[in-house]
Amino acid sequence: MKPEVRDQENGADVIVIGGGFHGTSSAFHLARRGVKVTLLEAEYCARHASGVNAGGVRTLGRHYAEVPLARASLDLWHRLTELLGEDGSFVSSGQLQIAETPPELEKLKRRVADLNALGFTHEVIVDAKTVHEIAPALTPNLVGGIWVKDDGHAVPYRAVTAFRHAAQRLGATFCETTPAQTVERIGDRWRVTTPQGVFSAPWLVNAAGAWAGDFAAQVGEPVPMKPGGLMLMITQRLPHFIDPVLGATGRPLSFKQFANGTVLIGGGLRCNADVFARHGEVDFMKLSTSAQTVTDLFPHLKDVGINRAWAGVEAFMPDEIPIISLSKKAPNLVHAFGFSAHGFELGPIGGQIVSELVLDGRSTQPIAPFAVDRFGAVATVEYENPNAKGAKFFESMQ
Ligand SMILES: Cc1cc2nc3c(=O)[nH]c(=O)nc-3n(C[C@H](O)[C@H](O)[C@H](O)COP(=O)(O)OP(=O)(O)OC[C@H]3O[C@@H](n4cnc5c(N)ncnc54)[C@H](O)[C@@H]3O)c2cc1C
């Protein structure tokens with residue numbers, strides 16, 4: 001028989017919903033400060049966006065509101081071994097955003113001037129000659145770009161797992177295949193129902209990615225978050241030809257070569273996502289556009305084989321920046337979701353901010369732009385309760 005309150009004996013201080021990067025990092029940072037954490041993951045940790053993304057550790061090109069967080073997160077990426085006891089597969093390769101035309105380069109120069117005025121000097125304009133010194137295999141038809149030398153990349157599943165292992169060593173409990181269904185504040189505790197029983201704790205963290213909007217709605221603060229799909233493809237192994245991660249300005253591109261020789265190609269390529277079936281659908285026509293961009297920039301890749309393509313489900317906000325916020329409606333609740341295609345780099349700092357909100361009531365980072373109530377009153381969420389429907393999905397899997 002299932003116990004009614006599963007974690008009574010554990011006495012968790014905080015329940016985290018979602019075992020993506022942000023939930024896992026939250027569990028780590030909370031456990032590091034002595035908090036007893038129970039994390040509930042519907043499937044398995046890093047199953048969704050956090051485990052299937054492009055692994056870009058990019059402060060380059062960020063929304064201005066995100067720049068301080070992205071730079072603080074990058075500092076943590078560089079210190080992962082000290083923090084976690086392993087490097088999470090992070091490689092500090094640098095990231096390069098190329099300009100193919102003079103107007104594109106002008107646009108990049110305006111951005112860097114704006115950043116400099118705000119006190120940020122990490123993005124540096126480079127001319128065509130320097131671009132080719134950094135990435136000699138690129139086509140000569142380029143006029144310059146932006147270079148961030150301390151950005152890089154990591155293998156997503158390994159990075160999230162490094163946080164998970166470190167959190168577990170500090171005593172956090174991870175419950176996989178345990179989907180949260182309803183959340184309710186009763187007295188001074190949160191009660192979270194799951195098919196595995198009820199979990200209860202004084203604090204709750206909503207880090208359920210593309211499914212998080214439902215929990216915000218359940219506590220009376222719906223947000224205009226939309227789930228969407230993002231695609232990637234990976235080539236056969238090739239001789240080493242490029243070190244930095246590459247992006248373009250006039251067309252979508254994210255491009256990197258791993259140490260094993262494979263080349264990962266993406267760049268915010270959107271596709272349909274079925275949030276109820278917890279699945280993104282690859283659109284091969286759109287992928288072919290991306291392949292064309294790659295062969296324009298690297299003509300020597302025109303006959304290379306694509307080994308695999310996939311899609312992940314991501315949470316998008318209308319202003320494309322996340323919600324990282326104490327609830328304005330319910331006590332002892334933190335929301336951290338809506339990372340809109342660029343939340344992997346923010347994983348290390350995201351969890352630290354959540355831990356500060358729980359333990360200190362405020363963050364050391366400037367998080368006002370990420371408030372949950374910034375959209376005003378939102379009359380309805382645009383989808384039915386995916387977690388209630390999701391329960392049917394899980395039953396059908398059993
Ligand atoms: C193809 C692709 C490429 C990307 N490339 C990059 C990149 O290069 N760089 C970058 O910075 N970002 C990138 N991103 C974005 C980044 O992956 C996400 O922003 C980030 O991983 C979001 O993390 P998360 O923890 O908020 O969400 P998720 O990883 O979605 O985690 C949420 C977790 O909550 C679980 N969950 C859902 N409902 C429930 C429930 N009811 N109960 C319990 N658990 C539940 C889910 O199963 C999931 O594991 C990319 C995303 C995709 C899809």
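This tour goes through a small set of selections in a predicted model, moving from a sheet to a single serine and then to a helix.

Begin by selecting residues 182-186, 189-194 and 197-201, which are the strands β9, β10 and β11. Together these three strands form an open sheet in the order β9-β10-β11, with antiparallel pairing. Because β9 and β11 stand at the edges and each has a single partner strand, one side of each is left without a neighbour in the sheet. If you look along the sheet, the twist from one strand to the next averages 25 degrees.

Stay with β10 and β11, whose antiparallel pairing runs over five bridges, and select Arg191 together with Ser200 of β11, since these two residues are a pair to view together: Arg191 stands opposite Ser200.

Next, select residues 21-32, which make up helix α1, and pick out Ser25 within that helix. Ser25 has a relative accessibility of 0%, and as buried means under 20%, Ser25 counts as buried. Show the surroundings of Ser25 and you will find, leaving aside residues up to four places away in sequence, that Ser25 touches Phe163, Gly347, Pro348, Gly351 and Gln352. With Gly347 there is also a polar contact to display, in which the side chain of Ser25 reaches the backbone oxygen of Gly347 at 2.8 Å.

Finally, select residues 67-78, the 12 residues of helix α3, which reaches 17 Å from its first C-alpha to its last, close to the 16 Å expected at 1.5 Å a residue. Within α3, colour the buried residues, which are Val67, Leu69, Ala70, Ala72, Ser73, Leu74, Leu76 and Trp77.

Conventions. Residues are numbered from 1 along each chain as its sequence is written. This is a predicted model: local features need pLDDT of at least 70, side-chain atom pairs count only at pLDDT 80 or more; totals for chains, interfaces and linings use all residues. Side-chain values use heavy atoms; hydrogens and water are left out. Two strands pair if DSSP finds at least two bridges between them. Helices (H or I, at least four residues) and strands (E, at least two) are DSSP runs, numbered from the N terminus. Axes are lines fitted to C-alpha atoms, for helices over the stretch in contact, and angles run from 0 to 180 degrees between N-to-C directions. Buried means under 20% relative accessible area, exposed over 50%, partly exposed in between (1.4 Å probe, protein chains only). A polar contact is a pair of N or O atoms within 3.5 Å; within protein, one must be able to donate a hydrogen and the other to accept it, and residues adjacent in sequence count only if both atoms are side-chain atoms. Contact means heavy atoms within 4.5 Å. The expected span of a helix is 1.5 Å times one less than its number of residues.
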